[in-house]
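Student: I would like a close look at a single part of this model. Please take one residue of the interior and its surroundings, then go on to the charged pair.

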Amino acid sequence: MIGVTKEELLQNAEINAKLEFPFDVNFEVTSFSLVVSHGGDVQERINLGSKFTQKTIDSIKKIEDEKNTKLWIENIKCKGPDGIERKLLPIHITLVAKK
């Protein structure tokens, strides 16, 4: 689980995938979903490519009570140097108050 502020999440509104080897192996994120759970309301925003869509950004901006909000980045698909598409494990994010 990762803890970030809403502002940090919006400043870095992109998903990147990279393997940790003695050499860099970069993957191109082709799609992902951002799921926002807040006060019993759940929204899913599908994103093509590695960047958040405007709908995703708008959903994050509308969050008022950060301490009760959970986000998941799911269905992350990426393509490696070999051209094969792979599905990555989800990422759980908890919003925290401004530092």
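Tutor: In this predicted model, L71 touches L9, L34, V35, V36, I91, H92, I93 and L95, leaving aside residues up to four places away in sequence. L71 also belongs to the largest nonpolar core, which has 21 residues. Within that core, L71 is one of the five residues that touch the most other members, together with L9, F32, F52 and I73. At least two residues of the core come from each of β3 (24–38), α2 (54–61), β5 (69–79) and β7 (91–95). Of these elements, β3 gives the largest share, 6 residues.

Now the charged pair. D82 sits in the loop that joins β5 to β6 (85–88). The structure holds 1 salt bridge, and it is formed by R86 and D82, whose closest N and O atoms are 2.8 Å apart. The 2.8 Å separation falls within the 4 Å cut-off for a salt bridge. The side chains of D82 and R86 are also in polar contact, at 2.8 Å. The side chain of D82 has a further partner, the backbone nitrogen of I84, at 3.1 Å.

Both ends of the salt bridge are partly exposed: D82 has a relative accessible area of 45%, and R86 has one of 32%. D82 is classed this way because 45% lies between the limits of 20% for buried and 50% for exposed. Along the chain, D82 and F27 are 55 residues apart, and their C-alpha atoms are separated by 9.6 Å.

Methods
Residues numbered from 1 in each chain as written. Predicted model: local features only at pLDDT ≥ 70, side-chain atom pairs only at ≥ 80, totals over all residues. Heavy atoms only, no water. Core = buried A, V, L, I, M, F, W, Y, C linked by side-chain atoms within 4.5 Å. Buried < 20%, exposed > 50% of the residue type's maximum accessible area, 1.4 Å probe, protein only. Helix = DSSP H or I, 4+ residues; strand = E, 2+ residues; numbered from the N terminus. Contact = heavy atoms within 4.5 Å. Polar contact = N/O pair within 3.5 Å; in protein donor to acceptor, adjacent residues only side chain to side chain. Salt bridge = Lys/Arg side-chain N within 4 Å of Asp/Glu carboxyl O.
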